[in-house]
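Got your viewer open? Load the model, put it in cartoon mode, and we'll walk through it stop by stop.

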Amino acid sequence: MKIQRILAALLLSASTLVFSPQIVAQEEVIEEVTVTGIRASLRNAVDQKRNSDNLVEVIIAEDIGKLPDQNLAEVLENVTGIQITRTAGVGTGVQIRGTNANRTEINGVSTVGSGSGRSGISFDDVSAGIIAAVEVTKAPEAKTIEGSVGGTINLKTIRPLSLTERLATVRLQGEDSSLSTDSVTPRLSGTYGDNWTTDSGDFGVVLSASYAEQDVTAFRPRADRDNDSVADAGTTPLYLPIQFFIQDYDNFEYETTNFAGTLEFEPSGLEDVKFYLDVVLNDQDRRQKSSRIQASGISAGEIGLNAANISEFETVNFGSLNGQNLGSIDAAVRGIIPTETNGTDGNLRFSGDTNSRITDSKIFSLGGDWLINDRFSARAEVSTSSSDSSTPSFNTTLNFINPNSPLNAAQLLANHQTNEANGDDALYDSNENGTPFEYDLRGGSLTFGILQDAAFDGPTTAQLLDPANIVLRDVQQSRSRAENEETAFRADFSYDVDESFSFDFGYRFSKTTALRDSITSSVGLREFADSPTGNLFSTLLVPGPNNFNAADGRALYVPDFLVIDPERVASDPDGVLGILNDAIVANNAITGSTRGPISAPTSSQNAFFDIEEKTNAFYGQMNFEAGIFRGNAGLRYLKTEVASTGNTILNGVATPTTRKGNYDFVLPRLNIVANLRDDLLLRAGWGSDIRRPDFDDLSTSFTFSTSPNPAVNVGNPGLVPQEVESFDISLEYYFAPAAVVSLGFFHKTRTGLFVPQTEEPETTAFTDANGNPVDVRDVTDPCEGGGIFNPIADQNVFAPLDASGNQTTGVGVCVPLSQQVNGAGENTQKGFELAFQYDLVEFEDTLGWASGFGFLLNYTNQKFSGGEEFWGATTRARDIFAASGGASDVKLQVTEIDLSDNAYNITLYYEKYGLSARTRYTWREAYRSTDFGSTSSFPWGFPVVQDDRGQLNASVQYAVTDNLSLGLEAVNITEEDVTQYCVNENALLCYQGLTDRRLTFGASYRF
């Protein structure tokens, strides 16, 4: 199917070339046709691409505030060689030629992001309503600011002195999500622009503003089957039982306010001088109201209670990695999981995630252009770009205590009291007990639910919603802040030697700072006596969302559970904390616990860093035109000084420590265009660039997780920028106005790639009292066997055994340690890009209404290879592969994350009689992803494989009058799911993302 899709895209493009002689013959007729709207924007974009001396792609709004999509990432998806990633269905990440390592500018000014990355402002922070055009530079010139591997994205606003008439528009819309339980959310945008001639000179202003609310929801079921495969009583063949289930309900509420303003002034008497001031303000308030149902500790029960509880298996063929056969094995796909006979497992947990991000971004630039004489011109600009973010969160996990289990609440409390009296932990007194589950993973759908069968001690709906049957397990708080800023000064000069030769040169100074203050608190309660029951804080509890079946109509899911009210958490976190602490005090009086209160978040000294970079850059570039050739060639030189300040912790005392470093690079760049014919261009480019490491990868600071699985990421101040050498060549055939077919090849060689280097802690194999194998880690600091000691992580399945052979409970365990390093060897990215654009406007006399059609196609094929770094399988995975007849030491060569080998877009549009409509189908092939649900660790040791996926979007607008138009836009019309596999494509289904369909409707008016 995959090959058929690719061939179809190629054949469609190839077939259009057959008609090119007719098209050329009609060229004079086309030039007489006046076009507006979609056609005008496409024609202007093609003209800019054609006239550029380097390889650029351009998208121009058909009218102010009318880019092809509401979301800027999805706007960029129209560009050849660009794919995007989505969060809950909303475009957030952009890959240019398979890499996330790109730059984002606004009006040529660097932007900074809300996190620690280098790519700039998040695309969901900027409304497409304030952007007039998007330019993507794939082949840089010497004057292009360094820092990109794939390309530089420049978002452009309107220049007021270029206006030929007053501009005043307003747009009012509403958006509805198919999975959201909230009402329609509003969008409002408007633009005013004009210019005047006064006695003091020519003056112009453009002001654009937008306000948008958005409510997006995604359902994300997950199933882990990555534990050791075990022979049941020595008679059953090896198989993979269920290890873990998650029913993840993600809801994000966005409130975004954007403003862009430009002033331009040409003083009287100084007609050769122009001053400008650009201001861009972005406020993003993203609130998360997510919930998770977790079924944990279930594999031992499934194995130990006999495989007869599994009613159906599937054979999983893991395929091969790097030429290593991984074997095949049976895996459970349907059955029930009773509770352990002693009532301990499996465990049912209800979590509420209220992670938020509140970001305030500002960009200011003040500059001037001066035409010194007919040959010499200059431009100077000072700019500042800042992003201040806070990430308030209050995440809680509640354990369900099954009242029908032999270890009910009364028995757990009695066990605790006996242990206290005897001075030991001989009896089980944890704050979780056993709940039975049922599951069905057939048909590519990961479904599970609670087995509400009295014969298996299953809970009733009323018991699931009874506050007395839940206890508090975890409270994680954050009020962390991140401050990023770049201040820059640049001076650019241009000297025209004659009509065919000119010279550009310039200087740029920039100072970039990044500060992180991790203000957190993480508390885990593991003993029943320490955990207040829900009836002691029942005023905080509300039923969780019960519509997890809304996306695919599944019959098996968990509709009845309790969570701490996310609305109350967001509006009054201190009040919520006070109620929980009151519950702890009340619980202590009941159980005799001495558990102290949960503290408010405090600054984590080992996670603080403050990094400053200063860069001086010089460039010289000659521009030439001779015969059929034109282009530019030049050098860019830069020197950067880095000072990284973090805290060194010794005996609990934090001492600020600053480490300094510097580096310099010479970056040659060359671009040549050959006009083979009036309508045929051959374009080539070659150049070098660098990519600086992310700020948190330079810091010596780190943070801990409460899970024992994720690696602790420690920065590496010794990281140096990776280098990239790029080569491009393309053939572009402009066979009619606004029409082009192009074929291009690119090749990038990257050295010093940033790759993770992970040190795993030593594990020792034991057999517990039930005869099940367990892997035990060191639970004391330091970790002599490798890794790093995490003082707040649950020991969980890695806990040591007690004298009776039962795993203990506790906090503090050795976990993996990960650090970014510069990879050895060379990595290459190479591929080809095919693009086609054409409309039927020239055939109006013969086709009539059908001449309103036009279409665009782009296709990208790319590969990533090389390098000497590998991801290694986890201990569990190695055991499974070996038992499955595969290799025992499996490794996967590190590859680029989010890179699809094949991708294409097909757009069909229609514009005539006041009707403007377009539909776009986007498809991308499977790729490795690190977005695996609610965990940051790699299942099986490798990034997951996100399966092939297509998406259909469409929009229609109708001009009621010359000023008023009505519109409707639809995103993800067919509600395409996200499917992820562990280890290899089509190997072991482990994750789904069920996303919504979003409809936006409204009206725009131009005064």
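What does the accessible surface of the chain come to, and how much of it belongs to carbon and sulfur atoms? About 39,200 Å², with 53% on carbon and sulfur (Shrake-Rupley method, 1.4 Å probe; for residues, only the protein chains shown count as cover).

Some ground rules before you click. This is a predicted model, so local features need pLDDT of at least 70 and side-chain atom pairs count only at pLDDT 80 or more, while totals for chains, interfaces and linings use all residues. Residues are numbered from 1 along each chain as its sequence is written, and side-chain values use heavy atoms, leaving out hydrogens and water.

**Whole chain**

Zoom out. The C-alpha atoms fill a box of roughly 95 × 65 × 55 Å along the principal axes. Colour by secondary structure and you get 13 helices and 55 strands (DSSP runs numbered from the N terminus: H or I of at least four residues for helices, E of at least two for strands). The radius of gyration is 30 Å, close to the 30 Å from the globule rule for 1007 residues, so the chain is as compact as a globular protein of that length (taken over C-alpha atoms; the rule is 2.2 Å times the number of residues to the power 0.38). Of the 1007 residues, 57% are buried (under 20% relative accessible area; exposed is over 50%, partly exposed in between, with a 1.4 Å probe and protein chains only). Among contacts with a separation of 6 or more, 74% link residues 24 or more positions apart (contact: heavy atoms within 4.5 Å).

**Colour by confidence**

Switch to pLDDT, the predictor's confidence in each residue, from 0 to 100. The chain averages 89, and 93% of the residues score at least 70. Select helix α2 (residues 20-25) for the lowest confidence, a mean of 32, then helix α8 (residues 461-464) for the highest, at 98. Next try residues 231-235: pLDDT stays under 50 there, and the model has five contacts for them beyond four places in sequence. Residues 301-305 are also below 50, but that stretch has 18 contacts beyond near neighbours in sequence.

**A strand trio**

Select β43 (residues 826-839), where 11 of 14 residues are buried. Add β36 (residues 739-751), which runs antiparallel to β43 over 12 bridges (strands pair if DSSP finds at least two bridges between them). Arg750 has Asn827 of β43 as its bridge partner. Now add β44 (residues 853-866), antiparallel to β43 over 13 bridges; look for Phe832 opposite Asn861 in β44.

**Backbone oddities**

Most residues other than glycine have a negative phi, and most peptide bonds are trans. Here are some exceptions to select. The bond from Asp345 to Gly346 is cis, with omega near -5 degrees, and Gly346 lies in the loop between β18 (328-337) and β19 (347-353). Asp781 to Pro782 is cis too, with omega near 5 degrees.

Jump to Tyr913, with a positive phi of about 55 degrees. Buried or exposed? Tyr913 is exposed, at 58% relative accessible area. Val983 has a positive phi near 75 degrees, and Val983 is buried, at 0%.

**Last stop**

Finish at Ser522 in strand β26 (residues 519-524), partly exposed at 31%. Ser522 touches Val475, Gln476, Thr706 and Ile792, leaving aside residues up to four places away in sequence.
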